[in-house]
Every structure is written in C-alpha cells, then in structure tokens.
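Notebook open. Today I'm looking up charged pairs and cysteines.

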Amino acid sequence: MPLLVKNKLSPNLDLPRSFTETGSAFVENIGIIAKFSYLPENKRYKIIQLKEEGYSMRQIAAKVPCGLSTVVRTLKRFSETNFIADRGRSGQPRKTSLREDSLLRRISLSNRKLNSFKILKQWTLTSNVSVVRGRLLEIGLRDCKARPKPLLTISTQGRRLTWAREQSLWTIKDWEKVIFSDESQFCISDNQSSAYVRRCTHEEFSTQCLKPTVKYPTKVMVWGCMSSHGVGRLHIVSGTVKALNYIEILENKLLPTARDLFGNQSWIFQDDNAPCQRAKVVQKWLKDHTVNRMNWPGQSPPF
C-alpha cells in the first residue's frame, strides 16, 4: 500500500507521495492534470546504476531523490529503447523552404550592397526581417564592412599582372637589394583614431573618460625608406611635395641611406609613381646619379 499524503490544493484528495514529489497537481472537473519537473540526465544515469546494483525502486527514489513514478518511467524507457538522454525536439516549424532560401541567396548575391530591409522587399515571403538575417547567416553571408581598394582599370590590371610575372623570377637576394620608399601622414593631435576607456554607465561624460577633439587636427607628412638591411632616414615634409622638393629628399636622405646600408654595392630604388616622382627633372636626376629605379605599376599597394 503506497504512502498517501494530502494534496495542498485539494485536501480531500489523497495522492501518492511519489506523485506530489515530482510536481504539482490540481483537480478539475475532467480529472487530475499533473505537471512533472525535469529530471537531469545525471540523475537518470544514477537510476540505471542503482537498479543494476540491486536496489529496489523505492530505495532508488529515496537515494536520487525523485518520485517513484519517475523511477518507473526512466527504467521502462531504458528497457525499451536503451536510451535515456533527451530526444531531439522539432521546435518551431521552419517558415521557409530550401527553394525559398535559394531565392534569398540569389537576391543577396545579385547586389552585395543590399541591406536586410531591401532584400526583404524583394523576397516578399515574410514580413520579419530577422528571418532574412537568420537565413543569410545560415548561408554564410555575413554583414561586413566593405574594404576600401583603389579602382583598377583593365589596362592597370594588365600592367600589374605583367609586373608580377616578371618579378616572380626574382630570388631573395634580388629583393634584398631593393630600397623601398613611401610617404605617410600622421595625425599628431590623435583626432582620428578611436579611443577606448573603461568606465561605469554613469561616467559617460566624466573628464577622465572623454576624448578631446579639435576641429582642424595637426597632421604631418613623413617620407621614409627601408630595405632588408635596415631602415633609412626620415624626412618631415612641409607642404606639398614638388619635383624640386623630391630631389632634395633624394639627395639628403636616399643617397646617405644607400651608402649606410649597401656601401659600394649595387642597389635598386622603389617609389610609388607619384606625380612629383615622374617629373622629367626627377628622371634626369636619377639617371645622372646612376640610380637603378624599379619599374613600379600604378595603383599598386605599398609594401
């Protein structure tokens, strides 16, 4: 005879203790509706282990602890299916078919710059933009920031390909002879770069957490060069670099750097074909000083 306890919701109804331990119960006109609590997998494995060790069902229920009916259901399920882990649940039905997802992919690939709302207007299979974003993530199309890159014409692409094929025959020793040069602009007032601070929510406008900005930040242009043997000398550029200014940089910075790094050995000079570097007076200066200049195609990325 099972031990009976009084149900709190219906004092006149006697229920087994195992029933009340596994959940709450209440009485309606059509009968009793039980709400059972979830039993973790580690407790299910413990039930199977205790049963194999020879314990009775009541002893197992006391040791786990859980209700007697839970022990019965777990053992019955294990004996029938030899499986006690949670079964896969179907979840919410999928709103779109594979064919509709394929259409979404074609719409997105037809114009990579369409956002989710514009794609939704063309897809017209749902009114929920989150469905569009979820399907695109499943396909592998993430929303990313476009990388900036110089626009290349067909002729420019051809020149770059020809140059790459020619230089592919170079050895490491050939590249070690090259002095690479370039100009770069730096913002002294630190007005352009992002700044990160650690603060609390209410410290948003605290003086220690602010980044001071100026309307016209101070910038400086620097010319520099380097090779596999070391770095060269820097030159602070004031104003716009013209042909005569560039010749002055070559005389005062490039030639001393070449003597420091290579001595009397031969070397090759590389620049990025800026307008001042293609001037006739600059070409004449390079020829007069026997500077071997590398053929560098336009719109090429710096090293």
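Is arginine 94 buried, exposed or partly exposed? I looked it up: arginine 94 is partly exposed, with a relative accessible area of 47%. My cut-offs: buried means under 20% relative accessible area, exposed means over 50%, and partly exposed is in between (1.4 Å probe, protein chains only).

Note to self on the source: this is a predicted model, so local features need pLDDT of at least 70 and side-chain atom pairs count only at pLDDT 80 or more, while totals for chains, interfaces and linings use all residues. Residues are numbered from 1 along each chain as its sequence is written, and side-chain values use heavy atoms, with hydrogens and water left out.

**Entry: salt bridges**

I searched the whole structure and got 7 salt bridges. To count, a side-chain nitrogen of Lys or Arg has to sit within 4 Å of a carboxyl oxygen of Asp or Glu. The general idea is that side chains of opposite charge can pair when their charged atoms come close.

I looked at glutamate 138 next. Its partner in one salt bridge is arginine 94, with 2.8 Å between the closest N and O atoms. Glutamate 138 sits in helix α7 (residues 129–139) and arginine 94 in the loop between α4 (68–81) and α5 (98–110), so this pair ties together parts 44 residues apart in sequence. Helices here are DSSP runs (H or I, at least four residues), numbered from the N terminus. Glutamate 138 is exposed, at 52% relative accessible area.

Then I checked arginine 135. It pairs with aspartate 101 in a salt bridge, the closest N and O atoms being 3.6 Å apart. That pair links distant parts of the chain, since arginine 135 is in helix α7 and aspartate 101 in helix α5, 34 residues apart. Both of these residues are buried, and for arginine 135 the relative accessible area is 11%.

Arginine 135 also meets glutamate 138 in a salt bridge (3.9 Å, N to O). These two both lie in helix α7, 3 residues apart, or about one turn of the helix. Putting it together, I get a network of salt bridges linking Arg94, Asp101, Arg135 and Glu138.

**Entry: cysteines**

How many disulfides does the structure hold? I found 0 disulfides, where one would be a pair of cysteine sulfur atoms within 2.5 Å. I still noted how accessible two cysteines are. Cysteine 66 counts as buried, at 11% relative accessibility, and cysteine 187 counts as partly exposed, at 22%.
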